[in-house]
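Reader: I would like to learn how to read helix packing and cysteine pairing from a model. Please take me through both.

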Amino acid sequence: MTTPARRRLGLALAAVLLVVACSGGDGEGGDARPGDRDRPDAPVGPSDEERAASGGDATVENTGAQAFAQAVPGLDTDGRRFFAVGNNFFNDNWVIAPASTDGRDGLGPLFNAQSCSSCHFRDGRGQPPADADDPERGLLIRLSVADGESTAPHPVLGEQLQDRAIPDVPVEGSVSITYTEEEGTYDDGTPYTLAVPTYTLVDAEGRPLGDDVLFSPRVAPPMFGVGLLELVPAEDIIAEADPDDADGDGVSGRPALVDDVDPGSEAERAGERDGRLGRFGWKALEPTVEDQTAAAFRADIGVTTDLRPEQPCTAAQPACLAAPTGGEPEVDEQKLGRVTFYSRTLAVPARRHVGEPATDRGEELFAATGCASCHLTEMRTGSSDVAEALSEQVIRPYTDLLLHDMGPGLADGRPEGAADGSEWRTPPLWGIGLTETVNGHTRFLHDGRARSLEEAVLWHGGEAAGAQERFRALSADDRRALLTFLESL
Amino acid sequence: MTRRPLHRILAAGLALALLGAAACSDDDGGDDDTSATTAADGGGEAGETTGTLSDDDALAAATTYADVVFAAYAANVTAATEMGDAIDAFVAAPSDATLQAAKDAWRAGRELYGPTEVFRFYDGPIDEPEAGPEGQINAWPLDEAYVDYVEDDPGAGLVADAETLPEITGETIAAVNEEGGETNVSTGWHAIEFLLWGQDLSEDGPGARPVTDYTTDPSAARRGQYLAALADLLVDDLTSVRDQWDPEGGAYREEFLSDPHQAVTNILRGMGALSAGELAGERILVAYDTQDQEDEHSCFSDNTLVDIVGNARGIQIAYTGEYEGVEGTSLSDVVAEIDPERDAALTEALDANVAAAEALDELGTFDQLIVGDDEAEGRAAVRTLAEDLQGQGDLIAELAGALGYEISLEI
């Protein structure tokens, strides 16, 4: 099989030499930054083609509904098979044990969804439900209770509210969300409103969960590109951290080192992670794609793996504990490996409209307002034994993979792993402009409260307050340009 | 096989293909607007464009395809209705003979359903995300314990659960299944299959549900009602899809033909996604990879090879337009006019892969072929077919790219 996208990127690289003379010194390119290429003949700034290839060789050009579901170019025969098999176990529903399809049973006993894809629809982003009966999946609630200075899993419900269960096992409860509109104003007087969510959690009998419960709503993030982010050397990420804001720019950023996790938390109990860097999940709890996959299998679908062998039941849930299982573990090593391979080899969609005036103006403003201090433009991956297209790539994920205090507006007040109740890991922005095409919505941030990219920017506080204020101070045209840039990602 | 008179002759090469493309855009029957509606960057093919289909050619190919889709679903409605009659007869007078007749009717319907699966993957009437009944018609794997008893769980399932499901009709089954929100997992072809054959607990044969499940078993009456209701529901669902494609006012057909280039994109998307994604990937390579005997599409009846052949034929039918009772200019015909080489390569692959799928039958049942070591004849043949179907998907994507359409093979 040919690898057409690689071929095209080869052409693109050749074209770089022709284009750089014009683009040098312009836009976001000028300053030397960590991660910049150090070729002797290196151009001053990246070319349009390089800026468009967000995932380096692991970039694909697809602008349709399957834009997030493409394999990285150049997989060999085995790789194509692993991808196909992983895709299948990502998409298909798990069934109740015992079943004839004994490789696919063991759903629950408690769960939020029957398949990965029901939340990560088309490998994309989930959204909050419209109401309590909305069958849309894509938002879940993490739980804990205050325990002195620290936190502990909820004694009955554990670390996640599972709102579904197999027959004969009671569900844990449900969530409903109401929004109130909060008004704000741009510096030029243009008004806007943000939707402030209020969550009501009730148990299976409809009783409110206690006031001591700390909870954190999360929408499913897009899947693609995680194989690249996993390969960015930890020292490169840590090098970008500035925990005490030594440079005084108002932006700090902490690496989610697992040494920092709370004693007794799920992250700590999982063990075998000393010194590793958490980089996946809204709080950077999981260090690898495999860990993230195993954690989601267990908590979200209720299927166990060797990495997470315990059913999602607490000691206070006898029916859950007594339910039949689909084997130990329910997802064997090979299948976990295939789903992990699939996740790692989902390609990043290429940017659109690079080099057009409005987009480029927006890109300049993205840097000038300070967005790019956390949403880092460029990283490099290390070597990969998974796929050549992932190996030694210059990528443009628009994240630093660090924890940042995002202010009280976005705080969930629930510490998790290395993150405190106000901190979130910078989410990557690559592909974000295709969310509506793929997922049919434009809901952003950890709980999907932002109804547009504009609202997502306006929600930024804490360390991002300066950038948010600079955005609010822009002219309407410049604000539009910045959003046009985001839509091009 | 009277179509494509040119493609064997024009096997000359790029120069001729380019001439063909250039000529085509000049004499495409009075409509000079040859531009495709979609950007030509799909599939990543490196700019080797063939030329675009004229609006007239795209419309002709799309119309023939729409006729094929309608004919295929109409045949399915007939077969499913006949199956429903056989099931009613079985439920009214359960015996080995009436059970066998019902099973035969299921197999006959299933053979016709396989080819229709190429009409998926572009959010048409069958699998439109909000309302498409594909999940209700063909969901797999099946949550069998949600439907009826299974080994180790004799009380399981809606069949025995008169509290959850006091009245058994197609409507109540669909309503219960939709509870929880997912496209449901206990209706359609495979639920009927499960209620006819039972779990496949044998290594070398299909399931062996005893007739007593429908005579002396405590849940016999409810099981019969459930089975009959499933058949009715399937007929209703297939009918609703068929009607969307009705040449006499089918709403989706009208929409489909209103944008012929998008229609051709959808045709190619369905072909490519079924070939490389669903059939090669989901249905063959997954079972090959896991070697789970029951990780096969028709696991209760061991009918999986029929499903595979049907799917492969469907891809061929979508391209050639060859379906009983349908006449017209196919997509193959119009592609052959502007790029005979690509057309020849694809039709050759389609023929070869249908033949290879049919030939598997001589080696054993699917669940026997997938086990063993990689060099075993059956296992090697299964793998080769899957890889060739992936290659066929690549050809389809490359054809789409050359015609200026963007398609994805992923599902």
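Author: What follows covers a helix pair and then the cysteines, in a model that is predicted.

Reader: What describes two packed helices?

Author: The angle between their axes and the distance between the axes. Here, take helix α10 (residues 260–290) of chain B and helix α15 (residues 377–403) of chain B: their axes come within 9 Å and cross at roughly 160 degrees.

Reader: Are α10(B) and α15(B) roughly parallel or roughly antiparallel to each other?

Author: Angles over 145 degrees count as roughly antiparallel, and α10(B) and α15(B) are therefore roughly antiparallel. The crossing of α10(B) and α15(B) is left-handed. The contact of α10(B) with α15(B) has 16 nonpolar, 5 polar and 2 charged residues.

Reader: Now the cysteines. How many disulfides does the structure hold over all chains?

Author: A pair of cysteine sulfur atoms within 2.5 Å counts as a disulfide. Over all chains there is 1. It joins A:Cys313 and A:Cys320, whose sulfur atoms are 2.0 Å apart. The link of A:Cys313 and A:Cys320 is left-handed, with -70 degrees about the S-S bond.

Reader: Is A:Cys320 buried or exposed?

Author: Buried means under 20% relative accessible area. A:Cys320 has 2% relative accessibility, so A:Cys320 counts as buried. A:Cys313 is buried too, with a relative accessible area of 14%.

Reader: Which cysteine sulfur is nearest to that of A:Cys116?

Author: That of A:Cys119, 8.7 Å away, and A:Cys116 is in no disulfide. A:Cys116 counts as buried at 12% relative accessibility. A:Cys119 is likewise in no disulfide, and at 15% relative accessibility A:Cys119 counts as buried.

How values were computed. Residues are numbered from 1 along each chain as its sequence is written. Chains are lettered from A and ligands numbered from 1 in the order in which they are written. This is a predicted model: local features need pLDDT of at least 70, side-chain atom pairs count only at pLDDT 80 or more; totals for chains, interfaces and linings use all residues. Side-chain values use heavy atoms; hydrogens and water are left out. Axes are lines fitted to C-alpha atoms, for helices over the stretch in contact, and angles run from 0 to 180 degrees between N-to-C directions. Helices (H or I, at least four residues) and strands (E, at least two) are DSSP runs, numbered from the N terminus. Angles under 35 degrees count as roughly parallel, over 145 as roughly antiparallel, 65 to 115 as roughly perpendicular and the rest as oblique. A crossing is left-handed if the near helix is turned anticlockwise from the far one by less than a right angle, and right-handed if clockwise. Ala, Val, Leu, Ile, Met, Phe, Trp, Tyr, Cys and Pro count as nonpolar, Asp, Glu, Lys and Arg as charged, and the others, Gly among them, as polar. Buried means under 20% relative accessible area, exposed over 50%, partly exposed in between (1.4 Å probe, protein chains only).
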